[in-house]
Amino acid sequence: MKDKTAIVTGGTRGIGKAIVLELAKNGCNVAFNYARSDELANALVKEIELLGVKALAKKADVSDFESAKNMVKEVKDNFGQIDILVNNAGITKDKLLALMGENDWNDVINTNLKSVYNFSKAVIMTMVKQKRGSILNITSVSGIAGVAGQVNYSASKAGMIGFTKALAKEVGKANVNVNAIACGFIETDMTSSLPEEYKKKMTDMTSLKRFGKPEEVAKIAMFLLSDDAKYITGHVLTVDGGLAL
Ligand code: NAP
């Protein structure tokens, strides 16, 4: 990872933050964006710089294409290259379809799926021209199995899987890898507000009988982004403690 440059969307908390730190610990310069958490972003920039690599934080909505283009340009201008893109930012707005408003649908699709188009589109020609690059999409077992109360989220996460496979076919000849991690339940702010009873049920359904930690996802992300995984592309790796079994 030494001297490589990565962009991670949604880097201030949870899985994104763990991936940012794992990349930085391994010598990668890291740029990340976020929606609201200014204080967390400033603290994370300091933490990354203490690890001896460059950091850049950008407050920008991932669903906005112009913002994505601007961030990618700024990263290229500052760091000179882009080797890695992790499409991580995501939200949930869970409701049964009968009660789901158009905004609940649009917000989740735009934040979780359109963002993947925005950032991948903004970096792809750079990666293709330099004949080097890795894109990793953080999706969910909800996009594989479908979850009642999450038609918007499941659709967005299934869309990421199709995107991963299609883009892997497009850019393989340019030595660009495109993979995805499908998470089960991971201990982050996204899952902390779930009702206790539901959390217990999901823990019981998970073979390893616990939620995963963001750092455990980050280690797998690191492997898929490393040269050791250069012959893996178009793959969706489930990191769910056996939930989907
Ligand atoms: P999280 O703790 O809620 O963190 C979400 C991150 O995304 C934050 O950094 C947030 O920034 C950022 N973000 C949200 N909306 C954004 C927007 N419109 N523009 C820019 N940044 C935005 O979430 P997480 O649990 O780590 O989830 C990360 C990814 O893993 C998501 O794609 C999620 O769907 C997926 N995933 C998570 C789980 C799980 O169990 N946690 C399971 C399966 C898949 P702010 O701090 O500024 O709000």
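In the predicted model, F185 and F211 are both buried. Their rings form a stacked aromatic pair, with a centre-to-centre distance of 5.1 Å and an angle of 25° between the planes. F185 is located in the loop between β6 (176-183) and α7 (189-192), and F211 in the loop between α8 (196-205) and α9 (214-225); the pair therefore ties together parts that are 26 residues apart in sequence. Ring pairs also bring in Y198, so that F185, Y198 and F211 form a cluster.

In total, four aromatic pairs are present in the structure. One of them joins F65 and Y117, whose ring centres are 5.7 Å apart; because the planes stand at 35°, which is neither under 30 nor over 60 degrees, this pair is classed as tilted. The pair connects distant parts of the chain, since F65 belongs to helix α3 (residues 65-79) and Y117 to helix α4 (residues 102-130), with the two positions 52 residues apart in numbering. F65 has a relative accessibility of 22% and counts as partly exposed because the limit for burial is under 20%. Y117 is likewise partly exposed, with a relative accessible area of 39%.

The ligand is surrounded by 31 residues, the closest of which are T12, R36, S37, Y153 and T188. Polar atoms of the protein approach the ligand at several positions. A polar side-chain atom of R13 is placed 2.8 Å from an oxygen atom of the ligand, and an N or O atom in the side chain of K157 also lies 2.8 Å from a ligand oxygen atom. At A60 the backbone is involved instead: one of its polar backbone atoms is 3.4 Å from a nitrogen atom of the ligand. Of the 910 Å² of accessible area that the ligand has on its own, the protein covers 96%. Two or more residues of the surrounding shell are given by each of α1 (14-25), β5 (133-140), α6 (151-171) and α7. Classified by residue type, the shell comprises 13 nonpolar, 13 polar and five charged residues.

The largest nonpolar core consists of 35 residues, and I19, L23, F32 and I181 have the most contacts inside it. Both helices and strands contribute to this core: at least two residues each are supplied by β1 (5-8), α1, β2 (29-34), α2 (38-50), β4 (84-87), β5, β6 and α9. The largest share, seven residues, is provided by α1. Helix α1 and strand β5 thus appear among the elements of the ligand shell and also among those of the core.

Backbone geometry was examined for residues with a positive phi. Most residues other than glycine have a negative phi. N175, which is not a glycine, nevertheless has a positive phi of about 65°. This residue is situated in the loop between α6 and β6 and is partly exposed, at a relative accessible area of 36%. K209, also not a glycine, has a positive phi of about 60°. The position of K209 is in the loop between α8 and α9, the loop that also holds F211 of the stacked pair. With a relative accessible area of 49%, K209 is still classed as partly exposed, because exposed residues are those over 50%. F211, by contrast, is buried.

Technical notes: Residues are numbered from 1 along each chain as its sequence is written. This is a predicted model: local features need pLDDT of at least 70, side-chain atom pairs count only at pLDDT 80 or more; totals for chains, interfaces and linings use all residues. Side-chain values use heavy atoms; hydrogens and water are left out. Rings of Phe, Tyr and Trp (its six-membered ring) pair if their centres lie within 6.5 Å; planes under 30 degrees apart count as stacked, over 60 as edge-to-face and the rest as tilted. Helices (H or I, at least four residues) and strands (E, at least two) are DSSP runs, numbered from the N terminus. Buried means under 20% relative accessible area, exposed over 50%, partly exposed in between (1.4 Å probe, protein chains only). A residue is near a molecule or strand if one of its heavy atoms lies within 4 Å of it. A polar contact is a pair of N or O atoms within 3.5 Å; within protein, one must be able to donate a hydrogen and the other to accept it, and residues adjacent in sequence count only if both atoms are side-chain atoms. Accessible areas come from the Shrake-Rupley method with a 1.4 Å probe; for residues, only the protein chains shown count as cover. Ala, Val, Leu, Ile, Met, Phe, Trp, Tyr, Cys and Pro count as nonpolar, Asp, Glu, Lys and Arg as charged, and the others, Gly among them, as polar. A nonpolar core is a set of buried Ala, Val, Leu, Ile, Met, Phe, Trp, Tyr and Cys residues joined through side-chain atoms within 4.5 Å.
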